[in-house]
Amino acid sequence: MDVTVRIRRFNPEAQNNKKPYWQEFTLTNVDETDRVLDLLHRIKWEQDGTLSFRRSCAHGVCGSDAMRINGINRLACKILMRDLGGTKIQVEPILGLPVLKDLIVDMEPFFAHYREVMPFFVNDDPVPADGRERLQTQEDRERFDDTTKCILCAACTTSCPSFWANGKYVGPAAIVQAHRFIFDTRDQAALERLNILAEPNGVWRCRTIYNCTPACPREIEVTRAIGEVKLAIQKGTPHGIIQVHEIKERVVNS
Amino acid sequence: MSSLVLTLRETLRYRGAVGQWSWVLHRLTGLGVVFFFILHVIGTSWAVFAPALYEKEIKVYQSPLFTLGEFALTFAVVYHAFNGMRIAIFDYRPEWWKHQQRAAYVVFGLTILTLIPTFAIMFSHVLAHYAQAEIIILPIPTIIEAVSPFIIGMALAVIAAVVLSGVVGLFTRNRDMATNTGRGSRVERFWWSYMRVSGLLIVPLVFGHLAMVHVIQGVFHLTTADYVIVGTTAVNQSGTVVEFVGERWNYLLAGVAIWRFYDVALLALVAAHGFNGLRYVLTDFTMSRPLLRRAAMYACFIGGAITLSIGAASMIATIDQTAVQIAAEEQCRLAQAYSINAGDANWNPSQSDLFRAACETAEGTLPVILGR
């Protein structure tokens, strides 16, 4: 089939007109199993070599090619023509981050929010005597399993009207990353993270609009994770954190 | 400002699910209700502090323009109430998120189901009112004149807040209050819970209030003489709204002034809920503009405090016979000036069905005894 791809272009090095503009490309012989990324490749390789976009693994793992496709944030490498239906596609950069060129945005503000929530494992206890891993029950691992799936593609954060309105809001992705450690019974910095997220630009900017949940290419229950962090802040402690010592004793005794 | 424009434009462009539209509608209805709330609380306080002005205010509320507004207000309150409950439920049970879309549609459905009978009754009040021959219809300039003090007052409050924010900014130039730690988080934590708990408490109170004043009695019957005042056993003798308010606040059930307590509870809960909601909306769009962000916070805090104090002061004070007489004089005067029969030289409001009680009260021939 023939497909028209409408792309939001922006060239900061243009001689005269530096304003973003729409450009249409027509592609022939497109299969319904082609990914949007394949279409972008064909445009870049066959029609306009100046078209710029990020992609790395091209298989929905690295999270490089998040863009707004037909009005919704998705990964270009995970969305097939069949999923979109129709023969007109509109592609534009994700919103709320500075556009560098065409579909490439500056991810630095996004990663800055990510770093704010201490997205790393904190446990100062000595390594277990057998020198092997810190054990955890399957139920405790299950508690934060969903939020371990995040690939930091920014699709959720840039689908959030609160983030569009206020770039200082940490955004869904950073909260998901915080959730992954806050609800990990082996981690010891949950309260610090909860304090960070209790700030005015933390979780309270979330208005439960639920744009982030369907935007996630990994199907993480994003709004739910944010809700759980809010409740943990209200209680002053996440579920499970209280049980940390019990679990350690259990592990030691067994 | 650019943040607001961008968010509005992109919200229209982004193909989010129903939750996005629920959010837009929740904000719009909230803003509408807060705006009317300010008008209504300060207006009603005039029953005590400026009875003639309040009598005129109610004629403004009975004008066609405000009748449209009344329907919009009822929609806004009902939708905001149901959607607020949806938000609260999913906030305290985030694991139920899979049902949130269906819940958003249920909210639309419940709103429509509630509004059909409500609007039917309200509309029957409108029809009955316009079937009468002698009604007062205020001309548009008079309505604008009556509402302009509120608009000017709000504009002045906004300007004052910006100026105050500018002055504070001069002294705290090097410190950005948005990045404060500790204190801010406890405040936000409190408000988050408050919005949800107060919302749930407000729902029965505000539905009761709407049912009484807008559905059962109806705005037009607030000024009907010999009409039993809703929620009391008293009759509106003068047919003035000031007597209506006075009788309700004076009404004792088992020795307790129930409507005074009811109104104080509603006032306090809504003032804090509404102005904090307004703060949410305004600060969402001004986080990167310290001057405007501070101004928004001052405007909401001071606006809330002023509205609350004026409302509370009017409920502590008592409406007496003098106030009713002043109101009756104004109603009789308005009838003389603006009734659709006003052009008829043979027509005298003192002899009309609608305004006789008010005119006689004004002349002193009909002694009004409050709390009878």
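**Close-up views of chains A and B**

**View 1. Here we zoom in on a cross-strand pair in chain A, where Arg68(A) sits opposite Glu92(A) of S5(A).** Please keep in mind throughout that this is a predicted model. The pair belongs to strand S3 (residues 66–69) and strand S5 (residues 88–92) of chain A, which run antiparallel and are joined by two bridges. A further pair to look for is Ile69(A), whose bridge partner in S5(A) is Val91(A). Now follow S5(A) to another neighbour: S1(A) pairs with S5(A) over four bridges, in the parallel sense. On that side, Val5(A) has Ile89(A) in S5(A) as its bridge partner.

**View 2. Stepping back, we see the open sheet of chain A, five strands in the order S2-S1-S5-S3-S4.** Its pairing is mixed: S1(A) and S5(A) are parallel, whereas S3(A) and S5(A) are antiparallel. Which strands stand at the edges? They are strand S2 (21–27) and S4 of chain A, and each has a single partner strand, so one side of each lacks a neighbour in the sheet. From one strand to the next, the twist averages 35 degrees. Packed on this sheet is helix H1 (residues 36–47) of chain A, which touches strand S1 (3–9), S2, S3 and S5 of chain A. The direction of H1(A) makes about 90 degrees with that of S2(A).

**View 3. This view shows where the two domains of chain A meet, domain 1 (3–105) and domain 2 (108–253).** Taken over C-alpha atoms, the centres of the two domains of chain A are separated by 31 Å. Each domain contributes to the contact, with 14 residues from domain 1 of chain A and 14 residues from domain 2 of chain A. Which element gives the largest share of the domain 1 side? Strand S4 (residues 72–75) of chain A does, with four residues. S4(A) is thus worth finding again in View 2, where it stands at an edge of the sheet. Sorted by class, the domain 1 side that touches domain 2 of chain A has eight nonpolar, four polar and two charged residues.

**View 4. Next comes the contact between the chains, built from 33 residues of chain A and 32 residues of chain B.** On the side of chain A that touches chain B, the elements giving two or more residues are helix H5 (161–165), helix H8 (212–215) and helix H9 (222–235) of chain A. H9(A) supplies the largest share of that side, seven residues. What is the make-up of the chain A side by class? Twelve residues are nonpolar, 14 polar and seven charged.

**View 5. Turning to chain B, we look at helix H4 (residues 64–92) and helix H5 (residues 100–130), whose axes come within 9 Å.** They cross at roughly 155 degrees, and H4(B) and H5(B) are therefore roughly antiparallel to each other. The crossing of this pair, H4(B) and H5(B), is right-handed. Among the residues of H4(B) in the contact are Phe71(B), Phe75(B), Phe82(B) and Phe90(B); from H5(B), look for Leu110(B), Leu115(B), Phe119(B) and Met122(B), among others. The contact of H4(B) with H5(B) comprises 14 nonpolar residues, seven polar and one charged.

**View 6. A second helix pair in chain B brings the axes of helix H2 (residues 18–49) and helix H9 (residues 258–284) within 10 Å.** The crossing angle is roughly 130 degrees, and H2(B) and H9(B) are therefore oblique to each other. H2(B) passes H9(B) in a left-handed crossing. Gly30(B) of H2(B) takes part in the contact, as do Gly274(B) and Gly277(B) of H9(B). Other participants include Val33(B), Val34(B) and Phe37(B) from H2(B) and Leu267(B), Val270(B) and Leu278(B) from H9(B). By class, the contact of H2(B) with H9(B) holds nine nonpolar, three polar and one charged.

**View 7. Our last stop is helix H11 (residues 321–338) and helix H12 (residues 356–363) of chain B, with axes 8 Å apart.** They pack at an angle of about 125 degrees, which makes H11(B) oblique to H12(B). The crossing of H11(B) past H12(B) is left-handed. Where they meet, H11(B) presents residues including Ala328(B), Glu329(B) and Cys332(B), and H12(B) presents Ala358(B), Cys359(B), Thr361(B) and Ala362(B). The contact of H11(B) with H12(B) divides into six nonpolar, three polar and one charged.

Key: Residues numbered from 1 in each chain as written. Chains lettered and ligands numbered in written order. Predicted model: local features only at pLDDT ≥ 70, side-chain atom pairs only at ≥ 80, totals over all residues. Contact = placed C-beta atoms within 7 Å. Nonpolar A, V, L, I, M, F, W, Y, C, P; charged D, E, K, R; others polar. Domains from an automatic or database assignment. Axes fitted to C-alpha atoms, helices over the stretch in contact; angles between N-to-C directions. Parallel < 35°, antiparallel > 145°, perpendicular 65-115°, else oblique. Left-handed = near helix turned anticlockwise from the far one by under 90°. Pairing = 2+ DSSP bridges.
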